[in-house]
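Here are a few exercises to work through with the coordinates open. Try each task before reading its solution.

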Amino acid sequence: MISIGGLLMFADHRKLFQVVPNDVKNMWNEWALRGLIIISLVSQITLILLGNVRKYNPRTRIRMALWFAYLLAYAVAAAALGVITRTALDVCNTYTSHSLSQVHKQNTSELMSFWAPFLLLHLGGPDAITAFALEDNELSLRHFVEILFQSGVALYILLLSWPGCSDLPQLSILVYLAGFIKCAERIMALRLANTENLRDSMLGPPDPGPNYPKFLESLYLKKSQGFIASVDDIHESPLPANDHAYPVGGNVISEAYQLFQTFKRLFVDLILTFVDRDASQSYFRHLNPIQAFHVVEIELGFAYDMLYTKANVVYTFRGLMLRLISSFFLLLVTVGFYFLSDMSNYHFIDIVITYLIIGVAILLEIVAVITMLCSDWTDHWLSQRKMTRNALIFPFLKNPTKRRWSGSTAQFELLSVALEEKPATFLQVQKFFGIDNIRVQHRYKTYSKVTDNLKYLIYTQFRELMVVNSDPRVLCTHRGSFSLRHTDCNALRWSVTDVEFDQSILIWHIATSLCYYGDLDLTDEVNANIYRTESKHISDYLLYLLVSYPVMLPVGIGMIRYRDTCAEAMRFFKEKGPITEKVEACVKLLEVDSLEVLPSKVKGDRCKSALFDGCRLALTLKTMEMERMWTVTSQVWIEIMAHAATHCRGFHHEQQLRKGGEFLTHVWLLMAHLGITEQFQVSQGHARARVNVL
């Protein structure tokens, strides 16, 4: 009895002290679905606006907004479908009279059930983004199960609202079909971009080669018949060089598309043949640096579309037919809702939300059509039919602005960090959340445009290498030593051959900075200025990769070396007094005679700092004539960058496409086109032999 009384008192106590008041509960029941729908609309608009922006904008805030909207779209759609299901069930269970309030509740429930298939459209997403990251492609089966379940819930809601007291359930069927098509497109795009499926689609038919047993039977048969038979080799004649003239207009995009169909195998670590190499080299032989990089840019644009959008699904005949059907259904729904619905049966806010839902769905289709017509895929399609963009009706489609990547490289300078040029704000708060090191990287990161001069220097050096070496793949094994030997600078080879790769980046970065800020008054020599500027450009870029994306570089302890080097530089500048200017800092560092005693003899192997190794290299470089010094420096940096590019897996190059693209990826693909890659492993065709009878 006491326990029962206690339970009753506890129940009364809970009634007196409710955590969530009834007014809040009622407001939630009334506005929860509306709020979820509005949030879903906002997320869809964000995906539409920013889905293609990340292709050419590397800013972190763009990716953060897109990431949030991408995750929110799934979560909100699932929650909204759950609320609609509960509302529809409540109406079905309580619908026993035809009172005015009950009829109004039934109408509201039908309108909310009409929203459910639109959420399938949201789950299908815009064409510009199917995968936020490559991992989404790998989880295509999980996405399929989630969307299949949500499609089942939407179908259940549709059945609950049938036949209804208005035409909305009939219109819902059309929206459901359009949403189902959208979801199917997304799942198919994710599946096709899956690494395993990509690799399988790029593998040709199995090649069993010449019939060896049959050849031996033929040989033994001739010998058994008394003939003197021998086996002679037949040398295959090389394929004639296919000289290309650089195409104009839309043709360059078709040529780039054909090249991409071959070289996309590099992204999944497949090999290329000697035929692929020869055809590519013969094509690029006629291009100047700007044209060559432009072709590579178009190819990487196709790669981005293949991996992160619905391009593989939509830009096909079947995809276009399905898109026309879904767009036609949505148009019918828009017209039907306007003419067949009695607006007096619904709340004004619900009518506004319904029109917003329909408007966003139509906007999604319009943006998809415009994006498709402005894309390189349309240029390729027109070119195949001997047409140009002049065949399109609207003026803005005849010469659209295309941005395929950011066109810039991130820059990170060790001197700026060591001098603490940008002190942290709320440092203790950052340390508490463990983001202080990440904030340092973002705080000191800047961006620099990839200039035509840089493209010229890189392409020219690669072409010269191809002339000097019969096998240009030797560049893959060098990381500066080839250029130093070629320019008779053997005294500097220790900086690239006797140290690890990440250490050589730090050594040359420090030396480049010391020489750069020591030659600020260099104005007369144009070539020296170009070499100097672009050397600093590559130097800061590779340090950025070392600090922020070490996975794109050969395996090493680059972050440890960077931290130790930065710590030693900070200590040195504090001991030498308050130093705030880079020029003064460089003067102080160069005053240390690091040529007398090697830094490694004093510091040992425990400390990984490369500060005074860089000073030692800078002192040696500054003994050269100015133009020669910067020429050597630029060539070494290009070779270091080439080494990094060829030793980065295709998967990591793929990942950077969604972040505005990395210039290292462009260099990597250009090198592959020139035959400077270790993935050309099929050096000859089938060995041919014949039975020679005497």
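**Exercise 1. Work out what phenylalanine 573 touches, and which core it belongs to.**

Step 1: skip the neighbours within four places in sequence, and phenylalanine 573 is in contact (heavy atoms within 4.5 Å) with Leu415, Ala418, Leu419, Ile579, Ala585 and Leu589.

Step 2: place it in a core. A nonpolar core is a set of buried Ala, Val, Leu, Ile, Met, Phe, Trp, Tyr and Cys residues joined through side-chain atoms within 4.5 Å; buried means under 20% relative accessible area, exposed over 50%, partly exposed in between (1.4 Å probe, protein chains only). The largest such core has 123 residues, and Phe573 is among those with the most contacts inside it, along with Phe284, Phe462 and Phe663.

Step 3: find the main contributor. Helix α12 (residues 289-308) gives the most to this core, 12 residues. Helices (H or I, at least four residues) and strands (E, at least two) are DSSP runs, numbered from the N terminus.

Step 4: look for another core. There's a second, separate one of 43 residues, including Tyr74 and Phe114.

A note on the ground rules: this is a predicted model, so local features need pLDDT of at least 70, side-chain atom pairs count only at pLDDT 80 or more, and totals for chains, interfaces and linings use all residues. Residues are numbered from 1 along each chain as its sequence is written, and side-chain values use heavy atoms, with hydrogens and water left out.

**Exercise 2. Decide how far to trust the model.**

Step 1: take the average. pLDDT is the predictor's confidence in each residue, from 0 to 100; the chain averages 85, and 88% of the residues score at least 70.

Step 2: find weak spots. Residues 6-11 have a pLDDT below 50 and 0 contacts beyond near neighbours in sequence. Residues 13-17 also stay under 50, with 0 contacts beyond four places in sequence.

**Exercise 3. Find a nonpolar patch on the surface and say which helices build it.**

Step 1: apply the criteria. Patches are made of residues with over 30% relative accessible area and no salt bridge; like charges are joined within 9 Å, nonpolar side chains (Val, Leu, Ile, Met, Phe, Trp, Tyr) within 5 Å.

Step 2: list the members. Val24, Met27, Trp31, Phe348, Ile349, Val352 and Leu356 form the patch, with about 660 Å² of accessible area together (Shrake-Rupley method, 1.4 Å probe; for residues, only the protein chains shown count as cover).

Step 3: assign the helices. α2 (22-50) and α15 (348-374) each give two or more residues, and α15 gives the most, with 4.

Step 4: check one member. Tryptophan 31 sits in helix α2 and is partly exposed, at 41% relative accessible area.

**Exercise 4. Pick out salt bridges and say what they tie together.**

Step 1: count them. A salt bridge is a side-chain nitrogen of Lys or Arg within 4 Å of a carboxyl oxygen of Asp or Glu, and the whole structure has 21.

Step 2: try arginine 323 and glutamate 365, which meet at 3.9 Å, N to O. Arginine 323 lies in helix α14 (residues 317-340) and glutamate 365 in helix α15, so the pair ties together parts 42 residues apart in sequence. Both residues are buried.

Step 3: extend the search. Arg323 and Glu365 belong to a network of salt bridges that also links Asp127, Lys182, Glu185 and Lys310.

Step 4: compare aspartate 376 and lysine 402, with closest N and O atoms 2.8 Å apart. Aspartate 376 is buried at 8% relative accessibility, while lysine 402 is partly exposed at 23%.
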